[in-house]
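Reader: Good morning. Could we go through this structure together?
Author: Certainly; please have the sequence and the model in view.

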Amino acid sequence: MTNRLRFARTGLLAAVIACAVTVLQGQTPPPVQLPAVAQDAMPRVTLTVGRSKVVTTDFDITQVSITNPLVADVTVIEGSSREVLVDGKSAGTVSLIIWGDGKRIQYDVVVDAGVSGLQRLIQTLFPDEDITSSETVDAVILTGHASSNAVMLRVGELAEAMLPKAKLINLLQLPGGNSSQQVLLQVRIAEVNRKAVTELGVSIFTGAGGSQGVIGRSTTQQFSSTTQTGVGAGAQTVLSDLLNIFLFSSQLDIGVVIRALESKGNLQSLAEPNLIAYNGQTASFLAGGELPVPMVQGNSGQVTIEYKEFGVRLEFRPIIAGDMIRLKVKPEVSSLDFANGVTVAGFRVPALLVRRAETDVELRDGQSFAIAGLLNNSAQDTNDSVPFLSSIPIIGYLFKSKATNQERTELMVLVTPHLVRALNPDEVPALPTIPNKFLPPCPKPPCDGLPEKNKKGSGGR
(Lines give C-alpha, C1' and ligand atoms only; values in the text may rest on other atoms or scores of the structure.)
Protein backbone atom coordinates (compact mmCIF):
# COMPACT_ATOMS: atom_id res chain seq x y z
CA MET A 1 0.00 0.00 0.00
CA THR A 2 2.96 2.35 0.71
CA ASN A 3 4.33 1.91 -2.86
CA ARG A 4 0.90 2.72 -4.36
CA LEU A 5 0.65 5.95 -2.31
CA ARG A 6 4.14 6.97 -3.41
CA PHE A 7 3.16 6.38 -7.02
CA ALA A 8 0.01 8.46 -6.60
CA ARG A 9 1.97 11.37 -5.06
CA THR A 10 4.60 11.24 -7.85
CA GLY A 11 1.90 11.30 -10.52
CA LEU A 12 0.15 14.25 -8.90
CA LEU A 13 3.44 16.24 -8.64
CA ALA A 14 4.23 15.59 -12.31
CA ALA A 15 0.80 16.79 -13.36
CA VAL A 16 1.17 20.05 -11.37
CA ILE A 17 4.60 20.78 -12.91
CA ALA A 18 3.28 20.16 -16.45
CA CYS A 19 0.35 22.52 -15.82
CA ALA A 20 2.70 25.28 -14.57
CA VAL A 21 4.93 25.03 -17.65
CA THR A 22 1.91 25.26 -19.94
CA VAL A 23 0.69 28.46 -18.23
CA LEU A 24 4.15 30.13 -18.55
CA GLN A 25 4.12 29.40 -22.30
CA GLY A 26 0.74 31.17 -22.65
CA GLN A 27 -1.24 28.06 -23.47
CA THR A 28 -4.45 26.81 -21.89
CA PRO A 29 -3.58 23.98 -19.56
CA PRO A 30 -5.39 20.67 -20.04
CA PRO A 31 -7.57 19.41 -17.17
CA VAL A 32 -5.62 17.71 -14.43
CA GLN A 33 -6.47 14.02 -14.05
CA LEU A 34 -5.65 12.43 -10.75
CA PRO A 35 -4.29 8.92 -10.93
CA ALA A 36 -6.90 6.24 -10.22
CA VAL A 37 -6.55 4.31 -7.02
CA ALA A 38 -6.91 0.57 -7.37
CA GLN A 39 -10.08 -0.92 -5.83
CA ASP A 40 -8.13 -3.52 -3.90
CA ALA A 41 -6.05 -0.77 -2.24
CA MET A 42 -8.81 -0.33 0.36
CA PRO A 43 -8.18 -2.46 3.48
CA ARG A 44 -10.60 -5.35 3.93
CA VAL A 45 -12.18 -6.89 7.01
CA THR A 46 -13.50 -10.44 6.47
CA LEU A 47 -15.70 -12.37 8.88
CA THR A 48 -18.58 -14.84 8.87
CA VAL A 49 -22.18 -14.47 9.98
CA GLY A 50 -22.50 -14.59 13.75
CA ARG A 51 -18.80 -13.84 14.33
CA SER A 52 -17.04 -10.63 15.45
CA LYS A 53 -13.68 -9.01 14.77
CA VAL A 54 -11.78 -6.13 16.44
CA VAL A 55 -10.37 -3.39 14.16
CA THR A 56 -7.52 -1.26 15.61
CA THR A 57 -6.46 2.21 14.36
CA ASP A 58 -3.36 4.35 15.02
CA PHE A 59 -5.41 7.39 16.08
CA ASP A 60 -8.16 8.19 18.57
CA ILE A 61 -11.59 7.45 17.11
CA THR A 62 -14.21 10.22 17.18
CA GLN A 63 -16.85 8.87 14.74
CA VAL A 64 -17.70 5.65 12.91
CA SER A 65 -20.21 4.85 10.13
CA ILE A 66 -21.30 1.69 8.32
CA THR A 67 -23.51 1.59 5.21
CA ASN A 68 -25.90 -1.26 6.09
CA PRO A 69 -26.33 -2.30 9.76
CA LEU A 70 -28.34 -5.36 8.62
CA VAL A 71 -25.18 -6.84 7.09
CA ALA A 72 -22.68 -5.77 9.76
CA ASP A 73 -22.79 -3.64 12.88
CA VAL A 74 -19.96 -1.61 14.45
CA THR A 75 -19.44 -0.54 18.08
CA VAL A 76 -16.64 1.50 19.65
CA ILE A 77 -15.14 -0.55 22.49
CA GLU A 78 -15.52 1.10 25.87
CA GLY A 79 -12.26 1.97 27.58
CA SER A 80 -10.33 1.91 24.28
CA SER A 81 -10.44 4.93 21.94
CA ARG A 82 -8.62 3.13 19.12
CA GLU A 83 -10.59 -0.13 18.77
CA VAL A 84 -13.99 -0.90 17.22
CA LEU A 85 -15.92 -4.19 17.26
CA VAL A 86 -17.46 -5.37 13.96
CA ASP A 87 -20.28 -7.95 14.19
CA GLY A 88 -21.41 -10.01 11.14
CA LYS A 89 -25.21 -10.07 10.74
CA SER A 90 -25.90 -11.44 7.25
CA ALA A 91 -24.02 -12.22 4.05
CA GLY A 92 -22.94 -9.16 2.05
CA THR A 93 -20.32 -6.42 1.61
CA VAL A 94 -20.50 -2.97 3.23
CA SER A 95 -18.22 0.02 3.80
CA LEU A 96 -16.87 1.02 7.23
CA ILE A 97 -15.52 4.58 7.69
CA ILE A 98 -13.63 5.72 10.81
CA TRP A 99 -12.74 9.36 11.67
CA GLY A 100 -10.43 10.79 14.33
CA ASP A 101 -7.59 13.34 14.89
CA GLY A 102 -8.18 14.87 11.45
CA LYS A 103 -7.74 11.48 9.79
CA ARG A 104 -10.10 9.12 8.02
CA ILE A 105 -9.79 5.50 7.05
CA GLN A 106 -12.22 3.30 5.10
CA TYR A 107 -12.59 -0.49 5.13
CA ASP A 108 -14.46 -3.03 3.00
CA VAL A 109 -16.32 -5.32 5.39
CA VAL A 110 -17.07 -8.66 3.74
CA VAL A 111 -19.46 -10.93 5.65
CA ASP A 112 -19.53 -14.55 4.52
CA ALA A 113 -22.59 -16.71 5.17
CA GLY A 114 -20.42 -19.65 6.13
CA VAL A 115 -22.11 -22.94 6.91
CA SER A 116 -25.47 -22.24 8.54
CA GLY A 117 -27.14 -24.43 11.13
CA LEU A 118 -29.72 -25.51 8.54
CA GLN A 119 -27.01 -26.56 6.08
CA ARG A 120 -25.19 -28.56 8.74
CA LEU A 121 -28.42 -30.30 9.72
CA ILE A 122 -29.18 -31.15 6.07
CA GLN A 123 -25.69 -32.56 5.60
CA THR A 124 -26.09 -34.65 8.77
CA LEU A 125 -29.54 -36.07 8.04
CA PHE A 126 -29.17 -36.40 4.25
CA PRO A 127 -25.44 -36.93 3.58
CA ASP A 128 -25.98 -38.37 0.09
CA GLU A 129 -28.14 -35.52 -1.18
CA ASP A 130 -26.90 -32.58 -3.27
CA ILE A 131 -28.84 -29.88 -1.41
CA THR A 132 -27.66 -26.36 -0.57
CA SER A 133 -29.43 -23.83 1.63
CA SER A 134 -28.86 -20.09 1.30
CA GLU A 135 -30.20 -17.64 3.86
CA THR A 136 -30.97 -13.95 3.40
CA VAL A 137 -32.52 -11.42 5.72
CA ASP A 138 -36.11 -12.61 5.18
CA ALA A 139 -35.91 -15.79 3.07
CA VAL A 140 -34.27 -19.19 2.88
CA ILE A 141 -33.54 -20.71 -0.55
CA LEU A 142 -33.12 -24.44 -1.20
CA THR A 143 -31.26 -25.42 -4.37
CA GLY A 144 -29.83 -28.63 -5.78
CA HIS A 145 -31.26 -32.07 -6.48
CA ALA A 146 -33.33 -34.37 -4.29
CA SER A 147 -33.54 -38.09 -4.91
CA SER A 148 -37.24 -38.45 -4.01
CA ASN A 149 -40.40 -36.60 -3.12
CA ALA A 150 -40.05 -37.57 0.53
CA VAL A 151 -36.56 -36.04 0.80
CA MET A 152 -37.72 -32.82 -0.87
CA LEU A 153 -40.67 -32.42 1.47
CA ARG A 154 -38.68 -33.31 4.61
CA VAL A 155 -35.99 -30.73 3.80
CA GLY A 156 -38.70 -28.11 3.29
CA GLU A 157 -40.20 -28.97 6.67
CA LEU A 158 -36.79 -28.64 8.34
CA ALA A 159 -36.29 -25.19 6.81
CA GLU A 160 -39.71 -24.00 7.97
CA ALA A 161 -39.11 -25.37 11.48
CA MET A 162 -35.65 -23.81 11.92
CA LEU A 163 -36.55 -20.46 10.30
CA PRO A 164 -40.29 -20.00 10.88
CA LYS A 165 -40.26 -16.26 10.13
CA ALA A 166 -38.39 -16.59 6.83
CA LYS A 167 -40.07 -17.22 3.49
CA LEU A 168 -39.21 -20.62 2.03
CA ILE A 169 -38.23 -20.72 -1.65
CA ASN A 170 -37.88 -24.38 -2.63
CA LEU A 171 -35.99 -24.76 -5.92
CA LEU A 172 -35.02 -28.42 -5.45
CA GLN A 173 -35.24 -30.53 -8.58
CA LEU A 174 -36.44 -34.11 -8.79
CA PRO A 175 -35.52 -36.79 -11.34
CA GLY A 176 -38.24 -36.82 -13.99
CA GLY A 177 -40.17 -34.08 -12.19
CA ASN A 178 -43.13 -32.26 -13.72
CA SER A 179 -42.47 -28.77 -15.10
CA SER A 180 -45.85 -27.44 -14.00
CA GLN A 181 -45.83 -24.95 -11.15
CA GLN A 182 -49.60 -24.43 -10.85
CA VAL A 183 -52.33 -26.60 -9.36
CA LEU A 184 -56.01 -26.65 -10.31
CA LEU A 185 -58.21 -27.70 -7.40
CA GLN A 186 -61.68 -29.04 -8.17
CA VAL A 187 -63.85 -28.99 -5.05
CA ARG A 188 -67.36 -30.36 -4.54
CA ILE A 189 -69.09 -29.31 -1.32
CA ALA A 190 -72.43 -31.06 -0.65
CA GLU A 191 -74.70 -30.34 2.31
CA VAL A 192 -77.87 -32.25 3.23
CA ASN A 193 -80.27 -30.95 5.88
CA ARG A 194 -83.10 -33.09 7.25
CA LYS A 195 -85.70 -31.56 9.56
CA ALA A 196 -88.77 -32.99 11.34
CA VAL A 197 -91.29 -31.02 13.43
CA THR A 198 -94.11 -32.44 15.57
CA GLU A 199 -96.62 -30.25 17.43
CA LEU A 200 -99.66 -31.24 19.51
CA GLY A 201 -101.91 -29.10 21.69
CA VAL A 202 -105.59 -28.54 22.66
CA SER A 203 -107.43 -25.33 23.59
CA ILE A 204 -111.03 -25.29 24.98
CA PHE A 205 -113.13 -22.10 25.03
CA THR A 206 -116.71 -20.86 25.34
CA GLY A 207 -118.51 -18.46 23.09
CA ALA A 208 -118.71 -14.72 23.68
CA GLY A 209 -122.00 -15.12 25.60
CA GLY A 210 -120.72 -18.03 27.63
CA SER A 211 -122.14 -21.50 28.18
CA GLN A 212 -124.96 -21.58 30.73
CA GLY A 213 -123.76 -18.25 32.04
CA VAL A 214 -120.10 -19.34 32.31
CA ILE A 215 -117.33 -17.82 30.16
CA GLY A 216 -114.00 -19.66 30.10
CA ARG A 217 -110.90 -20.69 28.12
CA SER A 218 -108.03 -23.09 28.70
CA THR A 219 -104.68 -22.83 26.89
CA THR A 220 -100.99 -23.46 27.61
CA GLN A 221 -100.02 -20.34 25.58
CA GLN A 222 -97.64 -22.46 23.52
CA PHE A 223 -99.87 -22.10 20.46
CA SER A 224 -102.33 -19.38 19.46
CA SER A 225 -105.86 -19.64 20.83
CA THR A 226 -108.99 -17.43 21.01
CA THR A 227 -109.47 -14.00 22.54
CA GLN A 228 -112.61 -12.33 23.92
CA THR A 229 -113.49 -8.72 23.00
CA GLY A 230 -116.19 -6.74 24.78
CA VAL A 231 -118.65 -7.68 27.57
CA GLY A 232 -122.32 -8.55 27.46
CA ALA A 233 -124.40 -8.42 24.28
CA GLY A 234 -121.56 -6.87 22.26
CA ALA A 235 -119.00 -9.47 23.23
CA GLN A 236 -117.21 -11.34 20.44
CA THR A 237 -114.90 -14.31 20.22
CA VAL A 238 -111.89 -13.73 17.94
CA LEU A 239 -110.14 -16.80 16.52
CA SER A 240 -106.57 -15.67 15.88
CA ASP A 241 -105.52 -19.12 14.67
CA LEU A 242 -107.82 -22.04 13.97
CA LEU A 243 -104.82 -24.31 14.35
CA ASN A 244 -105.50 -27.61 12.53
CA ILE A 245 -108.82 -28.88 13.91
CA PHE A 246 -111.68 -26.60 14.93
CA LEU A 247 -114.92 -27.76 16.61
CA PHE A 248 -117.73 -25.56 17.93
CA SER A 249 -121.19 -26.42 19.32
CA SER A 250 -123.75 -23.64 18.85
CA GLN A 251 -126.16 -25.36 21.25
CA LEU A 252 -123.66 -25.65 24.10
CA ASP A 253 -121.72 -22.55 22.96
CA ILE A 254 -118.45 -24.44 23.52
CA GLY A 255 -115.57 -24.83 21.05
CA VAL A 256 -112.29 -26.73 20.78
CA VAL A 257 -109.21 -25.98 18.64
CA ILE A 258 -106.58 -28.67 18.24
CA ARG A 259 -103.00 -28.19 17.05
CA ALA A 260 -101.78 -31.44 15.51
CA LEU A 261 -98.94 -30.87 13.03
CA GLU A 262 -96.17 -33.06 11.69
CA SER A 263 -93.81 -31.71 9.03
CA LYS A 264 -90.64 -33.01 7.39
CA GLY A 265 -88.24 -31.21 5.12
CA ASN A 266 -85.07 -31.98 3.17
CA LEU A 267 -82.57 -29.40 1.92
CA GLN A 268 -79.59 -30.07 -0.30
CA SER A 269 -77.06 -27.50 -1.44
CA LEU A 270 -74.03 -27.99 -3.67
CA ALA A 271 -71.06 -25.73 -4.41
CA GLU A 272 -68.44 -26.54 -7.06
CA PRO A 273 -65.60 -24.00 -6.90
CA ASN A 274 -62.50 -24.43 -9.06
CA LEU A 275 -59.30 -22.70 -7.97
CA ILE A 276 -55.80 -22.35 -9.40
CA ALA A 277 -52.83 -21.65 -7.13
CA TYR A 278 -49.11 -21.32 -7.71
CA ASN A 279 -46.73 -23.76 -6.07
CA GLY A 280 -46.43 -22.85 -2.39
CA GLN A 281 -48.98 -20.01 -2.56
CA THR A 282 -52.42 -19.87 -0.91
CA ALA A 283 -55.68 -19.53 -2.86
CA SER A 284 -59.11 -18.88 -1.34
CA PHE A 285 -62.74 -19.02 -2.44
CA LEU A 286 -65.93 -17.66 -0.87
CA ALA A 287 -69.52 -18.16 -2.04
CA GLY A 288 -71.80 -16.36 0.38
CA GLY A 289 -72.00 -12.83 1.69
CA GLU A 290 -70.88 -10.34 4.30
CA LEU A 291 -72.83 -9.62 7.47
CA PRO A 292 -72.71 -6.01 8.77
CA VAL A 293 -71.95 -5.95 12.50
CA PRO A 294 -72.23 -2.65 14.44
CA MET A 295 -69.31 -1.96 16.78
CA VAL A 296 -69.53 0.62 19.58
CA GLN A 297 -66.28 2.57 20.03
CA GLY A 298 -65.42 2.96 23.72
CA ASN A 299 -66.95 5.78 25.76
CA SER A 300 -67.68 7.95 22.74
CA GLY A 301 -70.62 5.77 21.77
CA GLN A 302 -69.78 6.08 18.07
CA VAL A 303 -71.01 3.12 16.05
CA THR A 304 -68.94 1.72 13.20
CA ILE A 305 -69.76 -1.16 10.89
CA GLU A 306 -67.56 -4.20 10.41
CA TYR A 307 -68.35 -6.99 7.98
CA LYS A 308 -68.14 -10.71 8.77
CA GLU A 309 -68.01 -13.16 5.90
CA PHE A 310 -70.23 -16.25 5.79
CA GLY A 311 -71.07 -18.95 3.27
CA VAL A 312 -68.96 -21.65 1.63
CA ARG A 313 -65.26 -20.87 2.00
CA LEU A 314 -62.22 -22.79 0.82
CA GLU A 315 -58.51 -22.15 1.33
CA PHE A 316 -55.72 -24.39 0.08
CA ARG A 317 -51.96 -24.26 -0.39
CA PRO A 318 -50.30 -26.79 -2.76
CA ILE A 319 -46.69 -27.93 -2.70
CA ILE A 320 -45.57 -29.72 -5.88
CA ALA A 321 -43.00 -32.46 -5.38
CA GLY A 322 -42.41 -34.11 -8.74
CA ASP A 323 -45.60 -35.95 -9.66
CA MET A 324 -46.94 -35.65 -6.10
CA ILE A 325 -49.03 -32.78 -4.73
CA ARG A 326 -49.14 -32.03 -1.01
CA LEU A 327 -52.24 -30.02 -0.10
CA LYS A 328 -53.15 -28.05 2.98
CA VAL A 329 -56.94 -27.76 2.66
CA LYS A 330 -59.27 -25.74 4.88
CA PRO A 331 -62.99 -25.93 3.90
CA GLU A 332 -65.60 -24.02 5.89
CA VAL A 333 -69.39 -23.71 5.72
CA SER A 334 -71.14 -21.02 7.78
CA SER A 335 -74.74 -19.76 7.93
CA LEU A 336 -76.72 -17.15 9.83
CA ASP A 337 -78.35 -18.15 13.11
CA PHE A 338 -81.00 -15.62 14.11
CA ALA A 339 -82.21 -17.70 17.07
CA ASN A 340 -78.93 -17.15 18.95
CA GLY A 341 -78.33 -13.59 17.81
CA VAL A 342 -77.70 -10.56 20.02
CA THR A 343 -78.83 -6.94 20.01
CA VAL A 344 -76.08 -4.31 19.74
CA ALA A 345 -76.93 -0.58 19.82
CA GLY A 346 -80.47 -1.33 18.74
CA PHE A 347 -79.43 -3.61 15.88
CA ARG A 348 -80.31 -7.30 15.78
CA VAL A 349 -77.13 -9.19 14.88
CA PRO A 350 -77.46 -12.93 14.12
CA ALA A 351 -74.91 -15.48 15.22
CA LEU A 352 -72.94 -17.69 12.80
CA LEU A 353 -73.17 -21.47 12.58
CA VAL A 354 -69.75 -22.64 11.42
CA ARG A 355 -68.45 -26.03 10.35
CA ARG A 356 -64.77 -26.07 9.55
CA ALA A 357 -62.13 -28.68 8.77
CA GLU A 358 -58.39 -28.40 8.20
CA THR A 359 -56.17 -31.21 6.96
CA ASP A 360 -53.00 -32.09 5.03
CA VAL A 361 -53.07 -34.70 2.31
CA GLU A 362 -50.69 -35.97 -0.36
CA LEU A 363 -52.06 -36.99 -3.76
CA ARG A 364 -51.03 -37.60 -7.32
CA ASP A 365 -52.40 -35.67 -10.27
CA GLY A 366 -56.11 -36.48 -10.69
CA GLN A 367 -56.55 -38.43 -7.45
CA SER A 368 -59.38 -37.43 -5.10
CA PHE A 369 -60.01 -37.45 -1.39
CA ALA A 370 -63.17 -36.82 0.62
CA ILE A 371 -63.81 -35.13 3.95
CA ALA A 372 -67.01 -36.67 5.32
CA GLY A 373 -68.65 -37.32 8.64
CA LEU A 374 -69.20 -33.63 9.46
CA LEU A 375 -72.54 -34.30 11.13
CA ASN A 376 -74.62 -31.96 13.23
CA ASN A 377 -77.61 -33.41 15.11
CA SER A 378 -79.94 -31.25 17.19
CA ALA A 379 -83.20 -32.10 18.97
CA GLN A 380 -85.46 -29.83 21.00
CA ASP A 381 -88.56 -30.78 23.02
CA THR A 382 -90.90 -28.18 24.52
CA ASN A 383 -93.68 -29.28 26.90
CA ASP A 384 -96.22 -26.89 28.41
CA SER A 385 -99.15 -27.75 30.70
CA VAL A 386 -101.77 -26.21 32.97
CA PRO A 387 -101.00 -26.89 36.65
CA PHE A 388 -103.22 -29.36 38.53
CA LEU A 389 -105.58 -29.88 35.57
CA SER A 390 -102.90 -31.59 33.52
CA SER A 391 -102.40 -34.12 36.34
CA ILE A 392 -105.97 -35.44 36.13
CA PRO A 393 -106.02 -38.93 34.58
CA ILE A 394 -107.25 -39.20 30.98
CA ILE A 395 -108.68 -35.67 30.66
CA GLY A 396 -105.35 -34.20 31.77
CA TYR A 397 -104.04 -34.51 28.20
CA LEU A 398 -106.51 -31.79 27.17
CA PHE A 399 -104.48 -29.33 29.24
CA LYS A 400 -101.04 -30.20 27.80
CA SER A 401 -99.14 -29.20 24.66
CA LYS A 402 -95.93 -30.48 23.14
CA ALA A 403 -93.57 -29.43 20.34
CA THR A 404 -90.62 -31.49 19.06
CA ASN A 405 -88.01 -30.17 16.62
CA GLN A 406 -85.28 -32.46 15.22
CA GLU A 407 -82.65 -31.45 12.70
CA ARG A 408 -79.70 -33.26 11.16
CA THR A 409 -77.12 -31.74 8.84
CA GLU A 410 -74.38 -33.63 7.00
CA LEU A 411 -71.51 -32.02 5.10
CA MET A 412 -69.14 -33.71 2.64
CA VAL A 413 -66.20 -32.16 0.76
CA LEU A 414 -64.63 -33.87 -2.27
CA VAL A 415 -61.28 -32.48 -3.50
CA THR A 416 -59.40 -33.35 -6.73
CA PRO A 417 -56.08 -31.62 -7.60
CA HIS A 418 -54.68 -31.38 -11.14
CA LEU A 419 -51.33 -30.13 -12.40
CA VAL A 420 -51.97 -27.32 -14.86
CA ARG A 421 -50.47 -27.60 -18.33
CA ALA A 422 -50.83 -24.80 -20.86
CA LEU A 423 -52.56 -25.69 -24.14
CA ASN A 424 -50.81 -25.31 -27.46
CA PRO A 425 -52.54 -23.10 -30.06
CA ASP A 426 -53.71 -26.17 -32.02
CA GLU A 427 -55.18 -27.73 -28.86
CA VAL A 428 -57.55 -24.89 -27.96
CA PRO A 429 -61.12 -26.27 -28.25
CA ALA A 430 -63.71 -24.45 -30.32
CA LEU A 431 -66.41 -22.48 -28.53
CA PRO A 432 -69.95 -23.96 -28.64
CA THR A 433 -72.29 -22.27 -31.14
CA ILE A 434 -75.91 -22.71 -32.29
CA PRO A 435 -76.32 -23.38 -36.05
CA ASN A 436 -78.18 -20.75 -38.08
CA LYS A 437 -78.20 -18.34 -35.18
CA PHE A 438 -76.75 -15.35 -37.00
CA LEU A 439 -77.73 -13.63 -40.26
CA PRO A 440 -75.82 -14.70 -43.38
CA PRO A 441 -73.15 -12.31 -44.67
CA CYS A 442 -74.13 -9.63 -47.15
CA PRO A 443 -73.50 -10.84 -50.74
CA LYS A 444 -72.97 -7.41 -52.31
CA PRO A 445 -72.36 -4.12 -50.48
CA PRO A 446 -74.10 -1.92 -49.60
CA CYS A 447 -76.45 -4.15 -47.69
CA ASP A 448 -79.04 -2.71 -45.31
CA GLY A 449 -81.26 -5.76 -45.08
CA LEU A 450 -83.87 -4.57 -47.66
CA PRO A 451 -84.59 -6.52 -50.85
CA GLU A 452 -83.62 -4.93 -54.16
CA LYS A 453 -87.25 -4.44 -55.26
CA ASN A 454 -88.04 -2.48 -52.10
CA LYS A 455 -85.05 -0.25 -52.75
CA LYS A 456 -86.25 0.51 -56.31
CA GLY A 457 -89.80 1.16 -55.13
CA SER A 458 -88.73 3.59 -52.48
CA GLY A 459 -86.49 5.39 -54.99
CA GLY A 460 -89.38 5.75 -57.47
CA ARG A 461 -91.44 7.69 -54.98
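**Contacts and cores**

Author: Let us begin with phenylalanine 369 in this predicted model. Leaving aside neighbours within four places in sequence, phenylalanine 369 is in contact with Leu327, Val329, Thr359, Val361, Leu363, Val413, Leu414 and Val415.

Reader: Which residues touch the most other members of the largest nonpolar core?

Author: They are Ile189, Phe316, Leu327, Phe369 and Val415, in a core of 25 residues. At least two residues of this core come from each of these strands: S11 (182–206), S17 (274–278), S19, S20 (324–344), S22 (359–364), S23 (369–385) and S24 (400–419).

Reader: And what does the second core include?

Author: The second core is separate and has 17 residues, among them Val45, Ile66, Ala72 and Val111.

Reader: Stepping back, how many helices and strands does the chain have?

Author: The protein chain has four helices and 24 strands. Of its 461 residues, 28% are buried. Among contacts with a separation of 6 or more, 61% join residues that are 24 or more positions apart.

Reader: Now the outside. What makes up the nonpolar surface patch?

Author: Val296, Val303, Ile305, Tyr307 and Phe347 form the patch, which covers about 470 Å². Strand S19 (residues 302–321) gives the largest share, three residues. Valine 296, in turn, belongs to strand S18 (residues 283–297).

Reader: Why does valine 296 count as partly exposed?

Author: Its relative accessibility is 44%, and partly exposed means between 20% and 50%. As for the chain as a whole, about 30300 Å² is exposed, and carbon and sulfur atoms supply 54% of that area.

Reader: Changing topic, what is the phi of aspartate 101?

Author: Aspartate 101 has a positive phi of about 55 degrees, although it is not a glycine. Most residues other than glycine have a negative phi. Aspartate 101 sits in the loop between strand S6 (92–100) and strand S7 (103–112). With a relative accessible area of 49%, aspartate 101 is partly exposed.

Reader: What about phenylalanine 388: where is it found?

Author: Phenylalanine 388 is in the loop between S23 and S24. Its phi is also positive, about 70 degrees, and it is not a glycine.

Reader: Is phenylalanine 388 buried or exposed?

Author: Phenylalanine 388 counts as exposed, because its relative accessibility is 72% and the exposed class begins over 50%.

Notes
Residues are numbered from 1 along each chain as its sequence is written. This is a predicted model: local features need pLDDT of at least 70, side-chain atom pairs count only at pLDDT 80 or more; totals for chains, interfaces and linings use all residues. Side-chain values use heavy atoms; hydrogens and water are left out. Patches are made of residues with over 30% relative accessible area and no salt bridge: like charges are joined within 9 Å, nonpolar side chains (Val, Leu, Ile, Met, Phe, Trp, Tyr) within 5 Å. Accessible areas come from the Shrake-Rupley method with a 1.4 Å probe; for residues, only the protein chains shown count as cover. A salt bridge is a side-chain nitrogen of Lys or Arg within 4 Å of a carboxyl oxygen of Asp or Glu. Buried means under 20% relative accessible area, exposed over 50%, partly exposed in between (1.4 Å probe, protein chains only). Contact means heavy atoms within 4.5 Å. A nonpolar core is a set of buried Ala, Val, Leu, Ile, Met, Phe, Trp, Tyr and Cys residues joined through side-chain atoms within 4.5 Å.
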